[in-house]
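Notebook open, coffee ready. Here is the model I want to look through today.

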Amino acid sequence: MSLLELREVTGGYGPITVLHGLSIAVEEGEVGVVLGANGAGKTTTLRAICGMLGKVGGSVFFDDTDITKASTQSIAKAGIAHVPQGRGTFTDLTVEENLRIGAINRRDAGVAADIDQWYSVFPRLAERRKQMAGSMSGGEQQMLAIARALMSRPRLLLLDEPSLGLAPLITREVFEHLGAINRETGLAMLVVEQNATIALGIAHRGYVLETGSIVAAGDAQTLVADEGVRKAYLGF
Ligand SMILES: Nc1ncnc2c1ncn2[C@@H]1O[C@H](COP(=O)(O)OP(=O)(O)OP(=O)(O)O)[C@@H](O)[C@H]1O
Ligand SMILES: [Mg+2]
């Protein structure tokens, strides 16, 4: 069974259904990408996984456990870390305080060592450890949000449009980090993105989401090579 499995998931806000029966799987050690335009339902998909939608139909399985109706907190404790759209760092806290908050549910003695490890991966965070998160650049804040999520030692990292608001060069840098972390640690990820080219570059498997339905899916290379899919949905 896959590490994460969405089976015919439906959900939305109050009377409005946004997700119309999504089936998505992320394998252990792999990066899955959900591509879609503004309003396609990318953020809503991640909310459905994290227990942040009022009512979810179908089912969500994580590591063979049905988490469809689990609370956001217990889903986080089970090992799913979420980097929300717009990053969600604590702007009035320092870089280091943000990283410590990422480890808030941990009871082991390895927190300080992990902070050092992520400082070595993201040297710009190390240089700014005492700086308020809110005064950092967009790219730095995105790296901080990722590092903070990693501090929980997740088994699955969910990322909501990590490229949002970033210059192309910085976007590339963020995705290079994500790709390297996946290759080096085997951490599974589910990334939702509008930037298809860059996201498929680190992905094993891709899904195209259109108005709450998956309209194309396949391994990343096949999706990129499929001219019909590319022209219709990927915009390149
Ligand atoms: N809190 C909410 N209440 C009501 N409708 C919502 C809410 N959040 C999102 N929606 C609606 O759900 C649909 C999907 O939104 P969602 O945020 O999941 O899209 P998205 O793919 O993440 O878009 P974007 O790329 O702009 O972030 C949209 O039609 C949106 O208006
Ligand atoms: Mg969104």
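How far is an oxygen atom of ligand 1 from a polar backbone atom of Ala 40? I looked it up and got 3.2 Å. I call that a polar contact, meaning a pair of N or O atoms within 3.5 Å; within protein, one must also be able to donate a hydrogen and the other to accept it, and residues adjacent in sequence count only if both atoms are side-chain atoms.

Before going on, a note to self: this is a predicted model, where local features need pLDDT of at least 70, side-chain atom pairs count only at pLDDT 80 or more, and totals for chains, interfaces and linings use all residues. Residues are numbered from 1 along each chain as its sequence is written, chains are lettered from A and ligands numbered from 1 in the order in which they are written, and side-chain values use heavy atoms, with hydrogens and water left out.

**Ligand 1, continued**

I checked side chains too. An N or O atom in the side chain of Thr 43 sits 2.8 Å from an oxygen atom of ligand 1. For the side chain of Glu 161, the matching distance to a ligand oxygen is 2.7 Å. There are 14 residues around the ligand (a heavy atom within 4 Å), and Gly 39, Lys 42, Thr 43, Thr 44 and Glu 161 come nearest.

**α6 and α7**

Next I went to the helices, which are DSSP runs (H or I, at least four residues) numbered from the N terminus. Helix α6 spans residues 138–150 and helix α7 residues 168–185; their axes come within 10 Å and cross at roughly 15°. So α6 is roughly parallel to α7, a label for angles under 35 degrees. The axes are lines fitted to C-alpha atoms over the stretch in contact, and angles run from 0 to 180 degrees between N-to-C directions.

Which residues of α6 meet α7? I found Gly 139, Gln 142, Met 143, Ile 146 and Leu 150. On the α7 side, the partners include Ile 170, Val 174 and Ile 181. Contact here means heavy atoms within 4.5 Å.

**α3 and its neighbours**

Helix α3 covers residues 95–102, and its axis comes within 7 Å of that of α6, crossing at roughly 35°. Val 95, Asn 98, Leu 99 and Gly 102 in α3 meet Leu 144, Ala 147 and Arg 148 in α6.

I then tried helix α4 (residues 111–121): its axis and that of α3 come within 10 Å and cross at roughly 125°. That angle makes α3 oblique to α4. Val 95 and Leu 99 turn up again here, among the α3 residues that meet Val 111, Ile 115 and Tyr 119 in α4.

Conventions: Helix = DSSP H or I, 4+ residues; strand = E, 2+ residues; numbered from the N terminus. Parallel < 35°, antiparallel > 145°, perpendicular 65-115°, else oblique.
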